[in-house]
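Hi,

Here is the model I promised to pass on. Please open it alongside this note, and have a look through it when you get a moment.

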Amino acid sequence: MQRTQILDALNAEGPKAEIRVCGWVRTRRDSKGFSFLELNDGSCLTNIQVIVDESVPTYQVIKDVHTGASVDVRGELVESPGKGQRWEVRCTELILLGVADAETFPLQKKRHTDEFLRTIAHLRPRTNKYGAAFRIRSEASYAVHNFYRERGFFHVHTPILTGSDCEGAGEMFRVTTLPVTGATKPESGNYFENDFFGRESSLTVSGQLEAELLTMGLGRVYTFGPTFRAENSNTPRHAAEFWMIEPEMAFADINDDMDLGEAMTKHVVQHVLDHCATDLNLFASFVDKELMGRLETLVKEPFARVTYTEAIDILLAAKKDWEYPVSWGCDLQTEHERYLAEEHFRKPVIVRDYPKEIKAFYMRLNDDNKTVAAMDVLVPRIGELIGGSQREERLDVLEARIRETGQNLDDYWWYLDSRRFGSVPHAGFGMGFERLLMMLTGITNIRDVIPFPRTPNNIEF
RNA sequence: UCCCUGGUGGCUCAAUCGGCAGAGCGGGUGACUGUUAAUCACUAGGUUACAGGUUCAAGUCCUGUCCAGGGAGCCA
């Protein structure tokens, strides 16, 4: 007999004479002569109630059916005479698939702290909160692909292994097959000539440069893949391995870029509001009481848009006691970004046209020669959700910027070719997928929106 | 990496001025014919993160180490 997912069983139109459900027992309640099981199979947040009478042939196994055990239940789907649920399964056959020893199984029927659950990340998908988080993660991922597909973007796969040490987005993890013993890098010569790729190679910190090359042939592309940063960051917003969405558009400018970032953010939020109501409600009820209001504002209202220069004026006018003093030319610190998004605008804000000195070489130089066509989307509580720019398409300007930032033109010969042959205005951005999920769920630590997070000193599981 | 706070049964926490290590939940045993955070009774469970030190006496004070959380930097 085919298994019915609990999601479908709970949404049944009418009773069923025969049904089979499988899942993990969340709790068991006994009375004399019968037991109730709360069964969850991950298909949805809600458990289904199973009533097992002592007349069931295998009733004696019920003593071993503890929280965490897995069972296969056959029976009848009937209207529940009790309160709290519409349907329940009246069991006629019970198979105990896997026991979970009550003395050693770490998950209890009570609430656990996130810190404790992180130490048992292999078991936390069986909890309400993490089940909901990972279902939302899946649905948000679908919404991303759906958004781009509807707009004529092609999903491209950029390399994870890279020989480019010029991506410039942070410290990189080295990839090597050389033995670890006694390996020290010599002062001169090519230490890596005997390595797998014959040169120094790393895990990617961004697919952007390759995405730019692909957009110059496919028109509109996006990547959605893992990204690796070897920074020793110890914050609730950083991970060493995270997933990033990087769209790139040919024949587009900074305004198109901002429009795309705003539309995409709204699309994913709206999709999750429409399709994950039950899971989202858990977060709105138990994690962040203001979540729904914030998400609804985000979807309804246009994002605020200011230039960097205007943002600096706002920060100066705020007359706050900044830990980092504000002046034109300084980089925006966390306290500044939070003030703009959380206190001044009270909604997502896009800041554009940053001083060229504090931004990457590939961002397009504005006519003032002082600023570049960069744009950051700052959202309340999360900070920088999106960082993007119109790319510098003019060969001479790009070469000058590479030199200015002390880099070697030869390292970029293939990237520069895209400007040498049929260069076009283009723009794109990077969005941290986990930060989007934090925004969607109200979860405050990035380690809790990734099933098995990688952070400094943490690569268990 | 820097700053702050913390580490006590399986989990969440308490322990006054340095003076007998406790509770709730969870577990076990039993009771209960519709429970739903089930309820009720009984019960077991501790090298107070680790290593030193001060003291008649250390969970508590001092030093070092490790780990965790928060803030900052770096960034998405």
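Strand S1 gives the most to the surface near RNA strand B, with 4 residues. This is a predicted model, so please read everything below in that light.

In total, 51 residues surround RNA strand B, and the closest are Lys83, Ser233, Thr235, His238 and Arg435. By residue type, the surface near RNA strand B divides into 14 nonpolar, 20 polar and 17 charged. On the RNA side, 53% of the strand B atoms within 4 Å of the protein belong to sugar or phosphate, and the rest to bases.

A few polar contacts are worth a look on screen. A backbone N or O atom of Lys83 is 2.3 Å from a base oxygen of RNA strand B. The side chain of Gln49 also reaches a base oxygen, with an N or O atom 2.8 Å from it. His66 meets the backbone of the RNA instead: a side-chain N or O atom lies 3.0 Å from a phosphate oxygen. Among the elements that give two or more residues to this surface are strand S3 (48–53), strand S5 (87–98), helix H2 (114–119) and strand S11 (241–250).

And the cysteines? The structure holds 0 disulfides. For Cys44, the nearest cysteine sulfur is that of Cys276, 12 Å away. Cys44 counts as buried because its relative accessible area, 11%, is under 20%. Cys330 is buried too, at 16%.

Happy browsing, and do send me your thoughts!

Best wishes

Note on methods:
Residues are numbered from 1 along each chain as its sequence is written. Chains are lettered from A and ligands numbered from 1 in the order in which they are written. This is a predicted model: local features need pLDDT of at least 70, side-chain atom pairs count only at pLDDT 80 or more; totals for chains, interfaces and linings use all residues. Side-chain values use heavy atoms; hydrogens and water are left out. A residue is near a molecule or strand if one of its heavy atoms lies within 4 Å of it. A polar contact is a pair of N or O atoms within 3.5 Å; within protein, one must be able to donate a hydrogen and the other to accept it, and residues adjacent in sequence count only if both atoms are side-chain atoms. Ala, Val, Leu, Ile, Met, Phe, Trp, Tyr, Cys and Pro count as nonpolar, Asp, Glu, Lys and Arg as charged, and the others, Gly among them, as polar. A disulfide is a pair of cysteine sulfur atoms within 2.5 Å. Buried means under 20% relative accessible area, exposed over 50%, partly exposed in between (1.4 Å probe, protein chains only).
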